[in-house]
Amino acid sequence: MPDIIRHLSAREAVIGSILSSAPDLYWRKGGIQMMELTVDATVENLDTVTDFVNGQLEQAGCSPKVIMQTDLAVEEIYVNIAHYAYHPKTGKATIRCAVGGDPLQVVIGFVDEGKPYNPLEKEKPDVTVSAKERQIGGLGVFLAQKMMDDISYEFQNGKNILTICKKFK
């Protein structure tokens, strides 16, 4: 990795690595550590994905509250990929997790090559009505947006890239 990486935020490092043609699977520069996991995008791999992210958070000394909030977002986003990205087939999902920066934060990038879809454009659910009256779907991404400090989507080079960020307050 070039020395310029030491000046990047954790989010920029994750995005840059996702868009790189040959990213390192593990690197540490300037206080930012990133790891990558690629799995078949199936619900059966949810525990593998959450264990992977939690391992990074625990190693960085993240509080149980932030781990729980991040778990919720990771679960909602990954399950959406597993259910919809390649339906009715199965494809790969790559999760890149970077911890670092000032303030200390985690940035998680979810990458798939499924159908282009920006979940952030979906209409927000009406949380003022009862669950019985509310339309099905959309609540998971809505909750992820509420739990995370930042969430963004882009479609580049045939890849859906959803990135979440949570500061370790």
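Where is the place of Ile-77? Point 4 gives the answer, after some notes on the chain as a whole.

1. Overall layout. This is a predicted model. The chain contains 4 helices and 6 strands. Followed along the sequence, these elements come in the pattern α-β-β-α-α-β-β-α-β-β. Of the 169 residues in the chain, 45% are buried. Taking contacts between residues at least 6 apart in sequence, 64% join residues at least 24 apart.

2. The core. The largest nonpolar core holds 34 residues. Tyr-78, Ile-95, Ile-108, Phe-110 and Ile-164 are the residues with the most contacts inside this core. Two helices and several strands each give two or more residues to it: helix 2 (46–59) and helix 3 (64–85), together with strand 2 (32–40), strand 3 (92–100), strand 4 (105–112), strand 5 (150–156) and strand 6 (159–167). Helix 3 supplies the largest share, 10 residues.

3. Ile-164. Setting aside residues up to four places away in sequence, Ile-164 touches Ala-73, Val-74, Ile-77, Val-106, Val-107, Ile-108, Phe-110, Met-148, Asp-150 and Ile-151. Ile-108 and Phe-110, which are in this list, are also among the residues with the most contacts inside the core.

4. Ile-77. This residue lies in helix 3. Is Ile-77 buried or exposed? Its relative accessible area is 4%, so Ile-77 is buried, the cut-off being under 20%. Outside its neighbours within four places in sequence, Ile-77 is in contact with Phe-110, Ile-151, Leu-162 and Ile-164. For one of these partners, Leu-162, there is also a C-alpha separation: 8.3 Å from Ile-77, with the two positions 85 residues apart along the chain.

5. Helix 2 against helix 3. Two packed helices are described by the angle between their axes and the distance between the axes. Here the axes of helix 2 and helix 3 come within 10 Å and cross at roughly 150°. Angles over 145 degrees count as roughly antiparallel, and therefore helix 2 and helix 3 are roughly antiparallel to each other. Their crossing is right-handed. On the helix 2 side the contact is made by Leu-46, Val-49, Thr-50, Val-53, Asn-54, Leu-57 and Glu-58. On the helix 3 side it is made by Ile-67, Thr-70, Asp-71, Val-74, Glu-75, Tyr-78 and Val-79. Sorted by class, the residues of this contact are 8 nonpolar, 3 polar and 3 charged.

6. His-83. This residue, too, is in helix 3. With a relative accessible area of 39%, His-83 is partly exposed, because that value falls between 20% and 50%. The C-alpha atoms of His-83 and Val-43 are separated by 7.5 Å, although the two residues are 40 residues apart along the chain.

7. Two backbone details to check. Most residues other than glycine have a negative phi, and most peptide bonds are trans. Which peptide bond is cis? The bond from His-87 to Pro-88 is cis, with omega near 5°. Pro-88 sits in the loop between helix 3 and strand 3. The second detail is Asn-157, which has a positive phi of about 55° although it is not a glycine. Asn-157 is in the loop between strand 5 and strand 6. Its relative accessible area is 64%, so Asn-157 is exposed, the cut-off being over 50%.

How values were computed:
Residues are numbered from 1 along each chain as its sequence is written. This is a predicted model: local features need pLDDT of at least 70, side-chain atom pairs count only at pLDDT 80 or more; totals for chains, interfaces and linings use all residues. Side-chain values use heavy atoms; hydrogens and water are left out. A nonpolar core is a set of buried Ala, Val, Leu, Ile, Met, Phe, Trp, Tyr and Cys residues joined through side-chain atoms within 4.5 Å. Buried means under 20% relative accessible area, exposed over 50%, partly exposed in between (1.4 Å probe, protein chains only). Contact means heavy atoms within 4.5 Å. Axes are lines fitted to C-alpha atoms, for helices over the stretch in contact, and angles run from 0 to 180 degrees between N-to-C directions. Angles under 35 degrees count as roughly parallel, over 145 as roughly antiparallel, 65 to 115 as roughly perpendicular and the rest as oblique. A crossing is left-handed if the near helix is turned anticlockwise from the far one by less than a right angle, and right-handed if clockwise. Ala, Val, Leu, Ile, Met, Phe, Trp, Tyr, Cys and Pro count as nonpolar, Asp, Glu, Lys and Arg as charged, and the others, Gly among them, as polar.
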